[in-house]
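Okay, thanks for squeezing me in. I'll just talk through the strands on this one, so let me put it up on the screen.

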Amino acid sequence: MFPWNMFPFNKNNIMKQINPQDIEKQVQNMLSQFMPGKWEGMFNHEDMLKRATSMFQQNTDQNTTNSETNTATQDQQPQSTPTEFDVSVFETFDDIYVRTPIKDEEWLKRVKIYHTSNQVIIENIPEVGQRHVITLPSLIKKKGTVAQYKDEMLEIKMTKNADMQFTEVDVAEKL
């Protein structure tokens with residue numbers, strides 16, 4: 001399996017130690033070093049943040065009004081509780097990894113995994129009959145796909161396919 005625990009961003013302790021004000025100071029320091037002095041007045045960082053915050057608040061306000069109207073229509077329809085399917089796709093230079101947590105080892109007995117040149121299809125997880133199609137970031141080879149289960153995690157490793165075929169396109173002059 002891929003050594004995921006070697007990456008520093010998997011450790012939550014680092015995220016707890018980060019102070020947003022320190023990051024802000026560092027960004028301002030870097031910008032002041034690389035931008036000429038005459039550009040200083042052109043980029044008002046605080047104004048940009050205020051505009052971004054107001055846009056974000058407008059979007060969340062629209063989403064809450066949309067969700068209120070959706071809940072009114074959902075009350076009329078029978079509720080089906082969709083089970084959440086968590087999947088992550090990671091790409092290295094040679095391979096593509098698809099990882100999903102397996103909460104119950106019974107899932108391993110009924111899971112079916114298929115793939116095309118650019119998609120992975122996972123069936124019967126978490127419930128029988130459910131189908132999840134994951135689009136991959138690049139083409140993969142037909143053979144050599146391996147699935148492993150370890151530490152309540154199903155990992156599917158697929159080898160990338162280097163598509164080096166070029167097709168020349170003729171540009172004709174239109175009269």
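So, to start: which residue in β7 is the bridge partner of R99? It's E155. And before I go further, keep in mind that this is a predicted model.

That pair belongs to a longer contact. Strand β2, residues 95–101, runs antiparallel to β7, and seven bridges join them. On top of that, β7 pairs with strand β6, residues 146–150, again in the antiparallel sense, over five bridges. One of the pairs there is K150 with M153 in β7.

Now, is β7 itself largely enclosed or not? Strand β7 covers residues 153–159, and five of its seven residues are buried, meaning under 20% relative accessible area, so the strand is largely enclosed by the rest of the structure.

Have a look at the turn as well. The hairpin of β6 and β7 has two residues between the strands, and D151 takes a positive phi there, near 50°.

Okay, on to the other sheet I wanted to show. It's an open one with three strands in the order β3-β4-β5, and the pairing is antiparallel. β3, at 112–115, and β5, at 131–135, are the edge strands; each has a single partner strand, so one side of each is left without a neighbour in the sheet. Ignoring direction, neighbouring strands in this sheet are turned by 15° against each other on average.

Zooming in on β3: four bridges join it to β4, residues 119–123, and the two run antiparallel. If you want one pair to click on, K112 has E123 in β4 as its bridge partner.

How values were computed:
Residues are numbered from 1 along each chain as its sequence is written. This is a predicted model: local features need pLDDT of at least 70, side-chain atom pairs count only at pLDDT 80 or more; totals for chains, interfaces and linings use all residues. Side-chain values use heavy atoms; hydrogens and water are left out. Two strands pair if DSSP finds at least two bridges between them. Axes are lines fitted to C-alpha atoms, for helices over the stretch in contact, and angles run from 0 to 180 degrees between N-to-C directions. Buried means under 20% relative accessible area, exposed over 50%, partly exposed in between (1.4 Å probe, protein chains only).
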